[in-house]
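These are my notebook entries on what I looked up in one structure. I wrote them in the order in which I went through the model.

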Amino acid sequence: MTSSDPTATPDPWHSLHELLAAMDAEIEQVYLERGLDGVRPRFAYPLIRLAHTGPLTIRELAKSLNRSHSAISQTVAAMRKEGLVTSEPGPDARTRRIDLTERGRSLVPFLEAEWRATHRTVAELDGELPYAMAAVVEDVRRALERRSMRERILHHLVEPPPMGSQG
């Protein structure tokens, strides 16, 4: 343990996480106002995709959404709990095929409309900002291509001495 608690200083990620959480909460509020209890913003992408592709394994769905297997597996479990998808054994014992339930399918037209409205909202926000959000993300991505996050962390990392070598 070091002499000072590094978590006592402001977390540079906090404002970004807080902003994203607030935006998701506002989207969820739109769902609640429409009577869509139990529907989360993170469900929209996979539900819409399944409506257009038909049943997919979790791995196929994750790949098609450019998300991790773990993240989609957790999202599918949450959607299954809300009665939006079914999960049946896939082509082999290790896979599960995910399909929409009738309730899940009935939500897709609204979710597609909300998806488009959200994208228009982001474009509107970008127009009000001196620096577009997409440009910020791309600039950060390019900076990390020049020098990775790992390399940057290692540059700043001052490791403590090994246990037992202190005095």
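I looked up the side chain of threonine 101 and found that it reaches the backbone oxygen of glycine 83 at 2.6 Å, which I noted as a polar contact (a pair of N or O atoms within 3.5 Å; within protein, one must be able to donate a hydrogen and the other to accept it, and residues adjacent in sequence count only if both atoms are side-chain atoms). A polar atom of that side chain also lies 3.0 Å from the backbone nitrogen of glycine 104. Threonine 101 sits in the loop between β3 (96-100) and α5, where helices (H or I, at least four residues) and strands (E, at least two) are DSSP runs, numbered from the N terminus. I entered threonine 101 as buried because its relative accessibility is 16%, the classes being buried under 20% relative accessible area, exposed over 50%, and partly exposed in between (1.4 Å probe, protein chains only). Leaving aside neighbours within four places in sequence, threonine 101 is in contact (heavy atoms within 4.5 Å) with Gly83, Leu84, Val85 and Thr86.

Before going on, I wrote down the ground rules: this is a predicted model, in which local features need pLDDT of at least 70 and side-chain atom pairs count only at pLDDT 80 or more, while totals for chains, interfaces and linings use all residues. Residues are numbered from 1 along each chain as its sequence is written, and side-chain values use heavy atoms, with hydrogens and water left out.

**Serine 87**

Next I turned to serine 87, whose place is in strand β2 (residues 85-89). Is serine 87 buried or exposed? I entered serine 87 as buried, because its relative accessible area is 11%. The side chains of serine 87 and arginine 80 are joined by a polar contact of 3.3 Å. Apart from neighbours within four places in sequence, the residues in contact with serine 87 are Arg80, Arg96, Arg97 and Ile98.

**Salt bridges**

I then looked for salt bridges (a side-chain nitrogen of Lys or Arg within 4 Å of a carboxyl oxygen of Asp or Glu), and by this rule the count comes to seven. In one of them, arginine 142 pairs with glutamate 138, the closest N and O atoms being 3.6 Å apart. These two are separated by about one helical turn, because they are four residues apart in helix α6. Arginine 142 also meets aspartate 139 in a salt bridge of 2.6 Å, N to O, and this pair, too, is separated by about one helical turn, being three residues apart in helix α6. I noted arginine 142 as partly exposed at 38% relative accessibility, glutamate 138 as partly exposed at 31%, and aspartate 139 as partly exposed at 28%. Which residues are linked in a network of salt bridges? I listed Glu138, Asp139, Arg141 and Arg142. Elsewhere, arginine 34 forms a salt bridge with glutamate 33, with the closest N and O atoms 3.9 Å apart, and glutamate 33 is exposed, with a relative accessible area of 53%.

**The largest pocket**

I also looked up the largest pocket, which holds about 1,500 Å³ of space. On a 1 Å grid over the protein atoms alone, a pocket is an open set of points where a 1.4 Å probe fits, with protein on both sides within 12 Å along at least five of seven lines, and lining residues have an atom within 4 Å of a point; grid points are joined across faces, edges and corners, and a volume is the space filled by probe spheres set on the points. Of the 38 residues that line this pocket, the closest to its centre are Leu20, Met23, Asp24, Val122 and Val137. The elements giving two or more residues to the lining are α1 (14-33), α2 (41-53), α4 (69-81), α5 (102-128) and α6 (133-146), and α5 gives the most, with nine residues.

**Asparagine 66 and helix α2**

My last entries concern backbone angles, beginning with asparagine 66, whose phi is near 55°, a positive value in a residue other than glycine. Asparagine 66 lies in the loop between α3 (58-65) and α4, and I entered it as exposed, with a relative accessible area of 68%. Glycine 54, which follows α2, has a positive phi as well, near 85°. In α2 itself, the buried residues are Pro41, Phe43, Ala44, Pro46, Leu47, Ile48 and Leu50.
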